[in-house]
Amino acid sequence: MKKKNPVPLLEFTSKGIYCSLADVYLDPWRPVAKAIISHGHADHARWGHKQYITHQDNVAILKHRLGAIVVSGKAYGETFSINNVTFSFHPSGHVIGAAQIRVEHRGEVWVFTGDYKIKNDGLTLPFEPVKCHTFITESTFGIPVFHWPDPVEVHTAINHWWAANNKAGRASLLLGYSLGKAQRLLHFLDPSIGPIYTHSAVGNMTAVFEGTHAFPPYQNLTAETSKKALAGSLILAPPAATEASWLRKLGDYRSGFASGWMHTRGARRRRAVDQAFVLSDHADWPGLLAAVKATQCENVITTHGYTDLFAQYLREKGWNARTEKTNYEGESIDPKPTL
Ligand SMILES: [Zn+2]
Ligand SMILES: [Zn+2]
């Protein structure tokens, strides 16, 4: 039997999502003493906390991004208690090492998703539905227009596009986020087509996963890499790698961008790439609905993305749903300073 907690298990404060019973924050956006981190993207894992707790596969990612931090890693499903509040991490399927954070006190359960996707990407441990009373969900793509194509077909299309450029003697510049998307793209590239180069932001991040995940051979593009070597190659780079001086090094090339936003024509036009590939590490509309249903929750709190529209839809369907403001940014189509 659930006893009522004297305060909400999680509250939205100016520093982040706060559990006052345990005096700990989830993915805080201002420096705090103790932070539980869902995954390694810059808007969720920020610099300046005294102590970090995260999934064990995310420890190396955090150290790569944030330098010398005090961090402890936990396995999926492993429980740990702070002031009698029980926490555990569960796969969110978003990027390697990403987790939903389950919080339990006196039989009341809240789950904070961080970011997630439902479809198995073939590289990340798939999303695990976790039963809860209150579900705090991202809603980056929380309107009905977003339906993702089969990712296997998208990877095939990318290899066909590369092969055609290779045949024409041109390089293929493929843009995707340096954590998550880039490894997923790299994992499914067909190295028999040609050589694979990485922008250093992608290559150095991918090196963190050497030994734990399988990738075709790749090397960082350097000042010494010749245009001749790049002809016919595929170059994997973050969306922010749009500096003219860097692009001039590539010689004759075609560009492609892999993102959920490539689903909409306006976003494709804004990005002005030659080829759009619809591939996202976030849940699409059916994925978000399936996730909410699978938790069997009564309450839903939507954060970042189409929060209001998604919450309104859920209320119409009988959930007690509301929106809370956070500083998470979601997936962006624009170049960002943080690679
Ligand atoms: Zn993320
Ligand atoms: Zn996010």
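Which elements do the buried residues of α8 pack against? In this predicted model, they pack against three strands, β10 (108-112), β11 (134-139) and β18 (299-305), plus the helix α9 (307-316). The legends below start there and then move on to the strands.

**View 1. Helix α8 and its buried face.** Helix α8 covers residues 285-295, and its buried residues are Gly287, Leu288, Ala291, Val292 and Thr295. Look down the axis of α8 and these buried residues fall within an arc of 130°, so they line one face of the helix. Just past the end of α8 comes Gln296, with a positive phi of about 55°.

**View 2. The seven-stranded sheet.** This one is an open sheet with mixed pairing, and its strand order reads β7-β8-β9-β10-β11-β18-β19. At the edges sit β7 (80-82) and β19 (320-323), each of which pairs on one side only. From one strand to the next, the twist averages 25°. Zoom in on the β7 edge and you'll find β7 running antiparallel to β8 (residues 85-91), with three bridges joining them. Ile82 has Val85 in β8 as its bridge partner.

**View 3. Two helices on that sheet.** Helix α8 lies across β10, β11 and β18, and runs at about 170° to β11. Helix α9 packs on the sheet too, touching β11, β18 and β19, and its direction makes about 160° with that of β18.

**View 4. Strand β12, buried on both sides.** How many of the five residues of β12 are buried? Five of the five, across residues 171-175. Ala171, Leu173 and Leu175 are buried on one side of the strand, while Ser172 and Leu174 are buried on the other.

**View 5. The neighbours of β12.** Strand β12 pairs in the parallel sense with β16 (residues 253-258), over five bridges. It also runs parallel to β15 (residues 234-237), this time joined by four bridges. Leu174 is a handy residue to centre on: it stands opposite Gly256 in β16 and opposite Leu236 in β15. Next along the chain, Leu173 stands opposite Ile235 in β15.

**View 6. Strand β15 and its pairing with β13.** Both faces of β15 are covered, with Leu234 and Leu236 buried on one side and Ile235 and Ala237 on the other. Besides pairing with β12, β15 pairs in the parallel sense with β13 (residues 196-198), over three bridges. Here Leu236 turns up again, this time standing opposite Thr198.

Key:
Residues numbered from 1 in each chain as written. Chains lettered and ligands numbered in written order. Predicted model: local features only at pLDDT ≥ 70, side-chain atom pairs only at ≥ 80, totals over all residues. Buried ≥ 20, exposed ≤ 12 C-beta atoms within 10 Å, placed from the backbone. Arc of directions from axis to C-beta. Contact = placed C-beta atoms within 7 Å. Pairing = 2+ DSSP bridges. Axes fitted to C-alpha atoms, helices over the stretch in contact; angles between N-to-C directions.
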